[in-house]
Structures are given as structure tokens and as C-alpha cells.
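Visitor: Please choose a single part of this model and take me through it slowly, one step after another. I would like to see how its pieces are connected.

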Amino acid sequence: MTQPLDRSDQKILRLLQSDGRMGNADIAKRVNVSPATCHRRIQRLFDEGYVSTVRAMIDPQKVERGALVMVGVVLDRSTRESFAEFETACRKLPFILDCHLVAGDFDYFLKIRVRDMADFNHLHGDQLIALPGVRQTRTFFVMKEVVDNAPLAF
């Protein structure tokens with residue numbers, strides 16, 4: 001059973017969000033609990049699913065993926081099966097960072113990082129429009145990333 005979050009748990013979560021490399025002793029000091037208590041709390045937060053993973057944020061420019069592209073996708077059918085088939089195919093493509101089922105003019109929005117427009121053009125022609133059930137795509141090249149992957153406020 002999941003325990004409600006108290007102030008110490010919330011502070012631990014905020015610290016982990018701001019710096020996933022912060023050590024247990026540093027977190028314990030900032031939360032004002034013993035290292036052993038802090039370790040148990042962090043373990044519980046992982047076990048109960050409050051924290052799913054800790055990972056490094058890679059600078060896209062440094063690995064030649066500086067172009068951010070958002071793609072709106074419309075499927076030819078709106079059925080549970082066509083959605084499932086599309087989602088399964090998206091999970092297999094490493095260049096798709098995010099895939100969201102949305103309400104409105106599109107069925108899905110995809111977040112993709114590529115080297116440049118030519119790189120995207122190649123992916124679009126060879127792989128995106130070949131995804132199952134795709135009737136239409138609409139591409140948005142991001143001109144400036146104002147807020148990206150901001151910490152979750154709670």
C-alpha cells in the first residue's frame with residue numbers, strides 16, 4: 001500500500017529532480033534526517049513508483065541531434081486496434097523521444113530529435129509515413145526551446 005507523501009518525501013523528490021547525482025548523505029543533510037532514514041525513504045519512493053528512474057540529460061547539440069521536431073499524426077482509422085498497432089511501431093523507433101495520444105485535430109504528437117532538416121526528411125520519407133495507419137502528418141520544426149523537461153511542480 002502506498003503511503004502518503006510527507007514534507008520530507010516531497011523535499012527528497014524535489015532534490016532528486018534537480019540533481020539525480022546527489023548522494024544519499026547530501027540529501028539526508030538537506031532534508032535533516034539520518035542517512036539510513038533517507039536511504040529507506042528513497043527506496044520506498046522508488047518501490048512505490050514515485051520515482052521510476054534516474055538518468056542523465058544529454059546535450060542534443062553535443063551528439064548531433066540539435067534539431068527538435070514535433071510531428072502531428074492523423075491515423076486513417078480511430079479504432080483500438082489501429083491505435084495499438086501505431087503505438088507498438090512507435091516504441092520500436094529510437095528517434096521518437098515522446099509519443100502522445102491527443103484530443104483535437106491530430107491523433108498523436110511525436111517529439112523527434114534529428115541532426116538537421118535533411119536528416120528529418122530522410123526519416124519522414126522512409127519511416128514515419130510508413131508507420132501503420134498513418135493518413136497524414138504535419139511537421140513543426142522548433143525554432144527555440146523556451147522550456148524543455150522542466151521539473152514537475154508539486
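Guide: Let us begin at Asp6, which counts as partly exposed because its relative accessibility is 32%, a value that falls between the limits of 20% for buried and 50% for exposed. Please keep in mind from the start that this is a predicted model. The side chain of Asp6 meets that of Arg41 in a salt bridge, with 2.9 Å from N to O. This pair links distant parts of the chain, since Arg41 belongs to helix H3 (residues 35–47), while Asp6 sits in the segment before helix H1 (7–18), and the two are 35 residues apart. Arg41 itself has a relative accessible area of 19%, so it counts as buried, although that value lies just on the buried side of the cut-off, which is under 20%.

As a general point, side chains of opposite charge can pair when their charged atoms come close. With that in mind, we can move along helix H3 to a second arginine. Arg44 forms a salt bridge with Asp9, and the closest N and O atoms of this pair are 2.4 Å apart. Because Arg44 lies in helix H3 and Asp9 in helix H1, this salt bridge ties together parts that are 35 residues apart in sequence. Both partners are hidden from the surface by the cut-off used here: Arg44 counts as buried at 14% relative accessibility, and Asp9 is buried as well, with a relative accessible area of 1%.

Arg44 also has another partner, for its side chain meets that of Glu48 in a salt bridge of 3.1 Å, N to O. Glu48 has a relative accessible area of 23% and is therefore partly exposed, whereas Arg44, on the other side of this pair, is buried.

Now the pieces can be put together: through salt bridges that share partners, Asp6, Asp9, Arg41, Arg44 and Glu48 are joined into one network. Within it, Arg44 pairs with Asp9 and also with Glu48, while Arg41 pairs with Asp6. If you follow the burial of its members, you find Asp6 partly exposed, Arg41 buried, Asp9 buried, Arg44 buried and Glu48 partly exposed. To place this part in its wider setting, a search of the whole structure finds 9 salt bridges, and the ones described here are among them.

Terms used. Residues are numbered from 1 along each chain as its sequence is written. This is a predicted model: local features need pLDDT of at least 70, side-chain atom pairs count only at pLDDT 80 or more; totals for chains, interfaces and linings use all residues. Side-chain values use heavy atoms; hydrogens and water are left out. A salt bridge is a side-chain nitrogen of Lys or Arg within 4 Å of a carboxyl oxygen of Asp or Glu. Helices (H or I, at least four residues) and strands (E, at least two) are DSSP runs, numbered from the N terminus. Buried means under 20% relative accessible area, exposed over 50%, partly exposed in between (1.4 Å probe, protein chains only).
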